Amino acid sequence: MDMKSLMTFAPLILLVVIMYFLLIRPQKKREKEVNTMRSNLKVGDEVITIGGICGKIVKTKEESLVIQVGADKVKFEVMRWAISKVTVASDRPAPRAEEPEEAEEAPKKALPRRMKRPEPKPVEEPVVETEPVETEVEPEVTGEVTGTETEEK
């Protein structure tokens, strides 16, 4: 009887073992890789959040990161668990835990110096003297026609 009861539970035990090796173990392995990736994030890494926002890490804190996004270089803070993957890893070594990290900005591009424009020379306008001109004022003409004028023509 002991062997018969073992044979009835054998498919169930086999199913649990297969589930462990096909589902549970790979998931734990992936979770471990993601946790090490999130703990090794450093300034300069380009990341994608779980919401799909792409940005560059500007500052790291214990549980959060400040990322810089877009052409306007908008900065906002996200939690470490919200990072889905690193697209471009920075070449800088990871900062030591002993040293407090200061806010490091992306290096600003040096703008070219503006050339000084020569000051415009004042233009002298010639003075023209004019004499007042008298204009003749014509009498107003009304559109009324009198009977005497039409008879004359």
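**Strand E3 and its neighbours**

Val-78 touches Ser-64, Leu-65, Ile-67 and Ile-83, leaving aside residues up to four places away in sequence. The model is a predicted one.

User: What makes Val-78 a contact of Ser-64, Leu-65, Ile-67 and Ile-83?
Analyst: Contact means heavy atoms within 4.5 Å. Val-78 touches each of those four, so the cut-off is met in every case.

User: Why is strand E3 called mostly covered?
Analyst: Buried means under 20% relative accessible area. In E3, residues 64-69, 6 of 6 residues are buried, so they fall under that 20% mark. Ser-64, Val-66 and Gln-68 point one way, Leu-65, Ile-67 and Val-69 the other, and all are buried.

User: How do you know that E2 and E3 pair?
Analyst: Pairing takes at least two bridges. E2 (residues 54-60) and E3 have 4, in the antiparallel sense, so they qualify. Thr-60 stands opposite Leu-65 in E3, and the two strands form a hairpin with 3 residues between them.

User: And what makes E3 and E4 a pair?
Analyst: Again, at least two bridges are needed. E3 and E4 (residues 74-79) have 6, antiparallel, so they pair too. Ile-67 has Phe-76 in E4 as its bridge partner. This hairpin has 4 residues between its strands, and Gly-70 in the turn has a positive phi of about 75°.

User: Which residues make up the largest nonpolar core?
Analyst: There are 9: Met-37, Leu-41, Val-47, Ile-57, Leu-65, Ile-67, Val-69, Val-78 and Ile-83. E3 gives the most to this core, with 3 residues.

Note on methods
Residues numbered from 1 in each chain as written. Predicted model: local features only at pLDDT ≥ 70, side-chain atom pairs only at ≥ 80, totals over all residues. Heavy atoms only, no water. Buried < 20%, exposed > 50% of the residue type's maximum accessible area, 1.4 Å probe, protein only. Core = buried A, V, L, I, M, F, W, Y, C linked by side-chain atoms within 4.5 Å.
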